[in-house]
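Please open the model in your viewer and keep the selection panel at hand. The stops below move from a sheet to the charged side chains.

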Amino acid sequence: MKLSSIDRNKIDNSDDEIFYQQPRYVHHLSLSFRNRLTRLYTETLRENTVILDLMSSWVSHLPENIKYKRVIGHGLNNSELKANNRLDEYWIQNLNKNQKLPLNDSSIDFGLIVAGWQYLQFPETISLELSRIIKPNSSLIVSFTNRAFWTKSPNIWSNSSEYQRIDYVKNILDEHGWRVQTIFNEKTINHSFLGILNSEGDPFFSIVAINNKTNN
């Protein structure tokens, strides 16, 4: 899949670091989505492993009852990342300016991207970098819904349907070092007291991919 300059373009082409300069201590995903994501992590991630939470914020949605060896975070807002009590360490980097990740080869057991892929202008390079730093046969989990800061999303994302976005992520991963194992496309429900006022939550889209590279 080859992206054009138009595909990569955004309504707001100003520096992303300016947009994310102020911390946002709010949940950008519904409670039902967050709970579903945590269940997926509980089923997929293993304890005593090294986790990379790429494009993270003040919350990582990891299960509270599982102890990981180390959780490494990345993002654009220092205050948000500092407030994330699941992160053992983190760094700041604008991935639309510099796609080289400052991590050693095969140093990560599991990679996570939540509500972040929709802002990547060079997902091919990021996919290859993740393949480099994540161990062979280990997993990358890319999760998202139908929300975004639309002015900061590349056209390839903002002009696509929900199904097209799933195919887009899958195709990029397939072509750049990954084997897609599972795709989740589910409705979620926000449950209220006694179930009287249940409401539909954010749709849950998640792609679990396995690193195809072999050991050196």
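Begin by selecting strand E4 (residues 108-114) together with E5, two parallel strands joined by 6 bridges; strands here, like helices, are DSSP runs numbered from the N terminus, with at least two residues for a strand (E) and at least four for a helix (H or I). Within this pair, Ile113 has Val142 of E5 as its bridge partner. The model is a predicted one, in which local features need pLDDT of at least 70 and side-chain atom pairs count only at pLDDT 80 or more, while totals for chains, interfaces and linings use all residues. Residues are numbered from 1 along each chain as its sequence is written, and side-chain values use heavy atoms, with hydrogens and water left out.

Widen the selection to the open sheet, where 7 strands follow the order E3-E2-E1-E4-E5-E9-E6 with mixed pairing, two strands being paired if DSSP finds at least two bridges between them. E3 and strand E6 (178-186) are at the edges and have a single partner strand each, so one side of each lacks a neighbour in the sheet. On average, neighbouring strands of this sheet are turned by 15° against each other, direction ignored; axes are lines fitted to C-alpha atoms, for helices over the stretch in contact, and angles run from 0 to 180 degrees between N-to-C directions.

Add helix H5 (residues 123-133), which packs on the sheet and touches E1, E4, E5, E6 and E9, contact meaning heavy atoms within 4.5 Å. The direction of H5 makes about 140° with that of E5.

Now turn to the salt bridges, each defined as a side-chain nitrogen of Lys or Arg within 4 Å of a carboxyl oxygen of Asp or Glu; the count comes to 15. Select Arg70 and Glu89, whose side chains form one of them at 2.9 Å, N to O. Arg70 belongs to strand E2 and Glu89 to strand E3, so the pair ties together parts 19 residues apart in sequence.

Which residue is in a salt bridge with Arg147? Selecting Asp202 shows the partner, at 3.0 Å from N to O. Arg147 lies in the loop between strand E5 (134-144) and helix H6 (155-158), and Asp202 in the loop between strand E8 (199-200) and strand E9 (204-211), so parts 55 residues apart in sequence are tied together. Asp202 is buried at 9% relative accessibility, whereas Arg147 is partly exposed at 36% (buried is under 20% relative accessible area, exposed over 50%, partly exposed in between, with a 1.4 Å probe and protein chains only).

Finish with Lys10, Asp12, Asp16 and Lys152, which a network of salt bridges links.
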